[in-house]
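Please open the model in a viewer and keep the selection panel at hand. The tour proceeds from one selection to the next.

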Amino acid sequence: MSAGARLRVALLGTVLGTWTADAQHQGHTPGTATPSGTTSGATPAASGSVSAPMTTSGAAPAPAMRMGPMQGGRAPPDARDPDYSEGLRRAETGGMEMADDEPYGTVLLEKFEGVDTNDGGTRRLDARASWGGDLDRLILKVDGEETQGRLDDTRIEALWNRYVATFWSTQLGLRRDAGGDGPHRTWMAFGVQGVTPYWFDVEATGYFASGGRLSGRIELTYQALLTQRLIVAPTMEAYGYGFTDARRGTGAGLSSVEAGVRLRYEFTRQFAPYVGISRVQRVGRTADLARAAGESVRDTQYMAGIRIWF
C-alpha cells in the first residue's frame, strides 16, 4: 500500500473514532434512523412516561435555571455604595483648591479729566474701588469736581454689591454729599447695576435722606469697538429730586440731563487716554433756579483725560 493510501486510511479511522465517542457521550450508540424517528441501538422510553424534549442533536437539554427577583431584598454584603464613595468622606485635597472664592480688589478711574466749560476750566474725577469675592463686594465711589482749588458738588458712596442674576447686581449703602454750597447730607442708597441686551451698561440708584427727601440718578453707557484699541463710549446721565433745595440749586422733579461721547485709545487695557464732548441741560424747576441766579441752563463741555484701572 502506498504512503498516500495509508494516510487516508489513518484519517478515516480518526474521524470514525471521534464520532463514536461523541455518540456514546450523548447516551446512545450509533445506529441508523428508524421510521418511528428513533435511532437503532437507543433505548426507547417506557410506556406511559413523558419524554424530555429533544434537541436537534437528540440529547435532552439541561434543566432551566431558576431566576429570582431582580430587585428588592437586602443588598449583598459586598455591594458597592450607592454614591460610589466606598465609605470615604469629603475632605480637603491640599493644594488642589480652586481660587474662584478668593477675595480680590480693583481700582478704576473711569474719568480723570480736565474740562472746559462756560464758566472756565475744571477738573473732574469719577473713580471707584471694590473688594470682595465673585458674589459679594464692597464698593467705594467718588464723583466730583474741583474748580480753582475749590471742591464743587461731590458724591461719595459706600455700597455693598450683591450679584443676584447673570450680569445684574443690587447695591445697598450710604451716600455723603461734600463740597459746593448748601448742606452736606447723608443718604441711604439702594440701586441696581447690570448689562442689558445689546450691551448697554446701566446704573440706577435711589437715595433717601432725613425729612422724607428723595433723589435718584440713572446712567447709561455703551462701548463700541472701532478697532481692538480704539473705542467710542457714548453716555447719558440724569438726576431727579423729590424736593426743592434752593441752597444747592436743585428743584423738584427731573433736575438735569447730560449726554456725551468719549473716544479713547487703549495702549493697554489698564491705560487709555481719551477726548470727548458732552452737553449738560438743566430742566424744570432746577432751570428756573439757575436763571434766577444768573447762571446758564445749558453747557457744552470739552474734555481730555485718562482712564486707568488696576
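The stops below begin with the whole chain and then turn to individual strands, a core, a helix and two single residues.

**Conventions**

This is a predicted model, in which local features need pLDDT of at least 70 and side-chain atom pairs count only at pLDDT 80 or more, while totals for chains, interfaces and linings use all residues. Residues are numbered from 1 along each chain as its sequence is written, and side-chain values use heavy atoms, with hydrogens and water left out.

**Whole chain**

Select the protein chain and colour it by secondary structure: two helices and 13 strands appear. Helices (H or I, at least four residues) and strands (E, at least two) are DSSP runs, numbered from the N terminus. Of the 310 residues, 27% are buried; buried means under 20% relative accessible area, exposed over 50%, and partly exposed in between (1.4 Å probe, protein chains only). The accessible surface comes to about 20800 Å², and carbon and sulfur atoms account for 62% of that surface; the areas are from the Shrake-Rupley method with a 1.4 Å probe, and for residues only the protein chains shown count as cover. Contact denotes heavy atoms within 4.5 Å. Among contacts between residues at least 6 apart in sequence, 42% join residues at least 24 apart.

**Strands 7 to 11**

Next, select residues 200-209, which form strand 7, together with strand 8; ten bridges join these antiparallel strands. Two strands are said to pair if DSSP finds at least two bridges between them. Gly206 stands opposite Gly216 here. The two strands form a hairpin with three residues between them, and Gly211 in the turn has a positive phi of about 80°.

Add residues 230-241, strand 10, which pairs with strand 8 (residues 213-222) in the antiparallel sense over seven bridges. Two positions to label are Ile218, opposite Ala238, and Ser215, opposite Tyr241.

The short segment 224-225 is strand 9, joined to strand 10 by two bridges and running antiparallel to it. Leu225 stands opposite Ile231, and a hairpin of four residues connects strand 9 to strand 10.

Now show residues 253-265, strand 11, which runs antiparallel to strand 10 with twelve bridges joining them. Ala238 has Val257 as its bridge partner in strand 11. In a regular strand the side chains alternate between the two faces of the sheet.

**The largest nonpolar core**

Display the side chains of Leu159, Trp187, Ala189, Tyr207, Ala209, Tyr239, Tyr241 and Phe243, the eight residues of the largest nonpolar core. Strand 6 (186-195), strand 7 and strand 10 each give two or more residues to this core. Such a core is a set of buried Ala, Val, Leu, Ile, Met, Phe, Trp, Tyr and Cys residues joined through side-chain atoms within 4.5 Å.

Centre on Tyr239. Leaving aside neighbours within four places in sequence, its contacts include Asp143, Arg155, Gly216, Arg217 and Leu254.

**Helix 2**

Move to residues 284-292, helix 2, where Thr286, Ala287, Leu289 and Ala290 are buried. Viewed down the axis, these buried residues fall within an arc of 160°, so they line one face of the helix; the arc is that of the directions from the helix axis to the C-beta atoms. Arg291 and Ala292, on the other side, are exposed.

Against what do the buried residues of helix 2 pack? They pack against strand 11 and strand 12 (271-282). Just after the helix, Gly294 takes a positive phi of about 75°.

**Two residues in strand 2**

Select Thr122, which lies in strand 2 (residues 120-132). Is Thr122 buried or exposed? Thr122 is buried, with a relative accessible area of 9%. Its side chain makes a polar contact with the side chain of Thr147 at 2.9 Å. A polar contact is a pair of N or O atoms within 3.5 Å; within protein, one must be able to donate a hydrogen and the other to accept it, and residues adjacent in sequence count only if both atoms are side-chain atoms. Not counting residues up to four places away in sequence, Thr122 also touches residues including Glu113, Val115, Glu145 and Asp152.

Finish at Leu125, likewise placed in strand 2. Leu125 counts as partly exposed, at 30% relative accessibility. The C-alpha atoms of Leu125 and Gly144 are separated by 5.6 Å, although the residues are 19 apart along the chain. Beyond residues up to four places away in sequence, Leu125 touches Leu109, Lys111, Phe112, Val142, Asp143 and Gly144.
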